[in-house]
Amino acid sequence: MENLIAVIVLILLVGGAVAYIVKSKRSGVKCIGCPAGGGCPSTRRMKKKKLSGPVIGKKTLMISGMECAHCAQSVTESLNQIDGVRAKVDLAGGKAVVSFDRNVEDEVLKKAVEKFGYKVNSITA
């Protein structure tokens with residue numbers, strides 16, 4: 001009897017998980033379980049951005065809230081849209097290293113990250 005109850009509970013859990021995944025995929029979510037709501041970009045490989053001039057400095061942004069590769073890619077793409085900035089995001093370390101060929105205000109970098117719902121905890125040179 002105990003084994004039967006355990007099997008029924010297991011079937012309900014697996015069935016619920018499958019139903020959640022199917023419902024998410026049907027609604028167009030790319031990243032199931034992502035804190036960004038699944039609206040992060042796909043897993044395509046990104047070309048490394050080239051700067052128009054020599055690198056004059058680097059900053060490290062400590063970021064919380066990134067949970068998956070899609071999240072890291074969203075942050076990378078957002079930072080790379082800023083003129084004069086090239087970013088490399090380390091998901092495991094929870095940080096982004098930003099190289100720049102012109103002066104870029106910390107607030108501009110912070111807004112680019114936080115528009116996706118992540119939090120910039122600190123920015124160091």
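Reader: Over how many bridges do E1 and strand E4 (residues 119-124) pair?
Author: This is a predicted model, where local features need pLDDT of at least 70 and side-chain atom pairs 80 or more, while totals for chains, interfaces and linings use all residues. Numbering runs from 1 along each chain as its sequence is written, and side-chain values use heavy atoms, without hydrogens or water. Strands (DSSP E runs of at least two residues; helices are H or I runs of at least four, all numbered from the N terminus) pair if DSSP finds at least two bridges. E1 and E4 run antiparallel, with Thr60 bridged to Thr124, and the bridges number five.

Reader: Which residue of E3 is the bridge partner of Met62?
Author: E1 also pairs with E3, in the antiparallel sense over six bridges. There, Met62 is matched with Lys95.

Reader: Which residues of E1 point to the buried face?
Author: In a regular strand, side chains alternate between the two faces of the sheet. E1 does so: Lys58, Thr60, Met62 and Ser64 point to one face and are not buried (under 20% relative accessible area, 1.4 Å probe, protein chains only). Pointing to the other are Gly57, Lys59, Leu61 and Ile63.

Reader: Which element gives the largest share of the largest nonpolar core?
Author: This core has 21 residues; Leu61, Ile63, Met66, Val75, Leu79, Leu109 and Val113 touch the most other members. E1, H2, E2, E3 and H3 each supply at least two. The largest share, four residues, comes from H2.

Reader: What residue of E1, besides Lys59, does Leu109 touch?
Author: Residues up to four places away in sequence are not counted. Contact means heavy atoms within 4.5 Å. Leu109 touches Leu79, Ile82, Val85, Val98 and Val104, along with Lys59 and Leu61.

Technical notes. A nonpolar core is a set of buried Ala, Val, Leu, Ile, Met, Phe, Trp, Tyr and Cys residues joined through side-chain atoms within 4.5 Å. Buried means under 20% relative accessible area, exposed over 50%, partly exposed in between (1.4 Å probe, protein chains only).
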